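Reader: I have just started learning about protein structures, and the vocabulary still puzzles me. Please help me see what stands behind each word.

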Amino acid sequence: MQLRNSSSLSDPSSTSRPGPLHGVVVVSLEQAVAAPFATRQLADLGARVIKVERPGAGDLARGYDTTVKGLASHFVWLNRGKESVAIDVKTAEGAEILRQLVDRADVLVQNLAPGAAARLGIGADELAKTRPDLITCDISGYGSGGPYSAKKAYDLLIQCETGLVSITGTDETPSKVGLSIADVATGMYAYSGMLTALLRKEQTGQGANLEISMLEALGEWMGYPLLYTMYGGTAPARTGASHATIAPYGPFTVADGTVINLGLQNEREWENFCTVVLEQPELREDPRFSSNYRRVENRDQLDRIISSVFSELSVEEAVARLERAPIAYAEQRTMSSFATHPQLEARKRWAPVSTPAGEIQALIPPVTFDGETPSLLPVPDLGEHTEAVLQWLNTTRI
C-alpha cells in the first residue's frame, strides 16, 4: 500500500492489533450513523481512524440514549477502535490542526452539512488539486446537485423518500424499518467504495473522490420492488411479516403461542409441505394452490388452512415435521432471545469491548480473516486521544 505517512505505523493504537488495513490513516469528521458505520469497518480491519469531534458535545450520537452503562447504544456500536480528537475546527487553531491531520491522511471521510467541508477548506475538489493521492469520501442525504442537494436527511426521511415505508408494514399501517437501514446501506457502500479506492491507490498511487448519497444507497436496495412496480403496474403489497410475492412464506403460530416463520421456494418443497407438514397431500393438486402465483392470489385461504394445522401442533411437533420435509423455518425471536442465540454461542461470536463506562459484550464482525477471532478495540471517550494525536502531529513529518 502506498501510504502518505508510514510513520503512523509507530502509533500504539495502530499497532496493538495489526490487520489487513494496518498503516492506513483515516481522518473522519462524522456524525450519527452512516459515516461512523463505514469508518468502524475500517478500524476493525486495522486502519488508524482519527475521529474529529466538537469539544464538549462530540458526535451527536453520544447523546442518543444512556442504555449501555450510561453510554449511548448507537455510539458504542459504531465507534470502537477509533481515536477521539476534540477540536473546534471553526477556530484558526482548530482549522490548522485539521489541515495537518488531512495532510497526514490516506482517507478523509465527512458527512457534514452540505457545503460545510468546502467552507472548512477540505472540499473534495480543492483537495484533489493539492493531494491527488488522497481518498475523500463525502456522504450526504441526496448528493451534490439537483433540487434536493441542500436538504437535511435523516434515516426515516430517506425511508419515506425511497418508498420503503410504502411497502413495509400491514395493509392498514405503512411502517418504517426498525433499524437505521438507510444509514447502514449508505455506510456499507462508503466502506466498500473506500476499500476499492485503497486497492486502486495501491496499484496506481492515485487517490479518489467518492460520493455516496443515502437516497441512492437505499434506492439500490429497493431494486426488486422498484422494478416490480415499474413493469408490473402495481407495488408489492404490504403483508406484515409475510413475503409479498411468495406463499407460503411468513409467520404461523403453534399451540403454545410460539411463532414459526416458514420459507418455501419451489414446487418440490410445496409438495413435501402438503404431504409431510400439513398431512393433506390432496392440496398439491388443488387449483387454488397449483403454482406460487395462485398461492399468492389465494393467500388468505391458504393461510387459514396452514394456521388450522399449526394451531394444533406443539413446537416440537411442528419442527419435527418441518425437518422431515425438509422445509426452511425460523423462530421469530425477540432481541433478547437473539442475544442468547445458540448458533452465536457455539461459534463464539461474542467478544469483550472496553468502554469509558466499563467492559461490555459485542458481536464480532461477520467477516473472519483466516479463521482468526479478532480482539475488539475500545470505544473512545470524548477527546481521549487529543493530546496524543497533537504530539504525533508535532513529531511526525511527511
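**Why the words fit**

Reader: Which residue takes a positive phi in the hairpin of E7 and E8?

Author: Gly257 does, with a phi near 95 degrees, and this hairpin has five residues between its strands. Before we go on, remember that this is a predicted model, in which local features need pLDDT of at least 70 and side-chain atom pairs count only at pLDDT 80 or more, while totals for chains, interfaces and linings use all residues. Residues are numbered from 1 along each chain as its sequence is written, and side-chain values use heavy atoms, with hydrogens and water left out.

Reader: How do you know that E7 and E8 pair?

Author: Strand E7 (residues 249–253) and E8 share five bridges in the antiparallel sense, and two strands count as paired if DSSP finds at least two bridges between them, so the word fits. Thr253, for example, stands opposite Val259 in E8. E8 is also joined to strand E9 (residues 328–331), which runs antiparallel to E8, by four bridges. There Gly263 has Ala328 as its bridge partner.

Reader: Why is strand E8 called mostly covered?

Author: Four of the five residues in E8 (residues 259–263) are buried. Buried means under 20% relative accessible area, exposed means over 50%, and partly exposed lies in between (1.4 Å probe, protein chains only). Across the protein, 45% of the 398 residues count as buried.

Reader: Why does Gly205 count as partly exposed?

Author: The relative accessibility of Gly205 is 22%, which falls between the two cut-offs, so partly exposed is the right name. Gly205 lies in the loop between H8 and E6. Its C-alpha atom is 8.7 Å from that of Pro132, a residue 73 positions away along the chain.

Reader: What makes E10 a strand whose side chains alternate?

Author: In E10 (residues 350–355), Ala351, Val353 and Thr355 point to one face and are buried, whereas Trp350, Pro352 and Ser354 point to the other and are not. In a regular strand the side chains alternate between the two faces of the sheet. E10 forms a hairpin with E11, with two residues between them. Six bridges join E10 to E11 (residues 358–363), and the two run antiparallel; one of the facing pairs is Thr355 and Gly358.

Reader: Which strands form the open sheet, and what makes two of them edge strands?

Author: The open sheet has six strands in the order E3-E2-E1-E4-E5-E6, with parallel pairing. Strand E3 (82–86) and strand E6 (208–213) are its edges, as each pairs on one side only. Inside the sheet, E4 (residues 107–110) and E5 (residues 135–140) share four bridges in the parallel sense, with Leu108 matched to Thr136 in E5. H9 packs on this sheet and touches E5 and E6. Helix H17 (residues 386–395) packs on it too, touching strand E1 (25–29), strand E2 (48–53) and E3. Touching here is contact, which means heavy atoms within 4.5 Å.

Reader: Why is H8 called roughly perpendicular to H9?

Author: The axes of H8 (residues 181–204) and H9 (residues 214–221) cross at roughly 95 degrees and come within 8 Å. Axes are lines fitted to C-alpha atoms, for helices over the stretch in contact, and angles run from 0 to 180 degrees between N-to-C directions. Roughly perpendicular covers 65 to 115 degrees (under 35 is roughly parallel, over 145 roughly antiparallel, and the rest oblique), so the pair earns that name. Among the residues in this contact are Tyr189 of H8 and Trp221 of H9.

Reader: How many nonpolar residues are in the contact of H11 with H13?

Author: There are seven, with no polar and no charged residues. Trp270, Phe273 and Val277 come from H11, and Leu302, Ile306, Val309 and Phe310 from H13. Ala, Val, Leu, Ile, Met, Phe, Trp, Tyr, Cys and Pro count as nonpolar, Asp, Glu, Lys and Arg as charged, and the others, Gly among them, as polar. H11 (residues 267–277) and H13 (residues 299–310) pack at about 35 degrees, with axes 12 Å apart.

Reader: How many helices and strands does the protein have?

Author: The protein has 17 helices and eleven strands. These are DSSP runs numbered from the N terminus, where a helix (H or I) needs at least four residues and a strand (E) at least two.
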